[in-house]
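I set out to look up a few points in this structure and to note each result briefly.

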Amino acid sequence: MSKNEFICDCNIIHEDVVNETIKKMPDQDLFNKLAEFFKIIGDTTRAKILFALDNNEMCVCDIANVLGMSKSSISHQLGTLRRSGIVKCRREGKEVYYMLDDDHVKQVFEIGCEHIEHKK
């Protein structure tokens, strides 16, 4: 494999493809929010929390036990995930249960896991 194998040597601009892509290009705000979404779920501890919540709603104590961390640390991470719209919660008496916010978050997380597993 040569060093420059993946560099395009042509000087031709495919205007139809370029123009079509430009027309479909979302505004900068979407890209900022998308980057922030992936940055939030890109933290190892938060990824572990998402794994725990992928199939079960759980309280802070349960998540802390699964991850071997303090309730305070888990609460802090859950706050970040909740403010970002990645998890939501519901109160039942004195207990607060956390779950993934919606099926989109679940799908993105599961597809990411499948992609990593497939690349092994």
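A disulfide is counted here when two cysteine sulfur atoms lie within 2.5 Å of each other. The model I am reading is a predicted one.

Entry on cysteines. I asked how many disulfides the structure holds. I found zero. For Cys61, the closest cysteine sulfur is that of Cys59, at 4.7 Å, so the two are too far apart for a bond. For Cys89, the closest cysteine sulfur is also in Cys59, at 12 Å, and this too is too far for a bond. I then looked up exposure: Cys61 is partly exposed, with a relative accessible area of 36%, and Cys89 is partly exposed, at 37%.

Entry on the core. Which residues have the most contacts inside the largest nonpolar core? I noted Leu53, Leu78 and Val87, in a core of 20 residues. The elements that give two or more residues to this core are the helices α2, α3, α4, α5 and α6 and the strand β3. I followed Val87 further and set aside residues up to four places away in sequence. Among the residues that Val87 touches are Leu50, Leu53, Leu78, Leu81 and Tyr98.

Entry on Gln77. I located Gln77 in helix α5, which covers residues 71–83. Is Gln77 buried or exposed? I recorded Gln77 as buried, because its relative accessible area is 14%, under the 20% cut-off. Beyond its neighbours within four places in sequence, Gln77 is in contact with Asp43, Thr45, Arg46 and Ile49. Ile49 is 28 residues from Gln77 along the chain, yet their C-alpha atoms are separated by 8.4 Å.

Definitions and conventions
Residues numbered from 1 in each chain as written. Predicted model: local features only at pLDDT ≥ 70, side-chain atom pairs only at ≥ 80, totals over all residues. Heavy atoms only, no water. Helix = DSSP H or I, 4+ residues; strand = E, 2+ residues; numbered from the N terminus. Buried < 20%, exposed > 50% of the residue type's maximum accessible area, 1.4 Å probe, protein only. Contact = heavy atoms within 4.5 Å. Core = buried A, V, L, I, M, F, W, Y, C linked by side-chain atoms within 4.5 Å.
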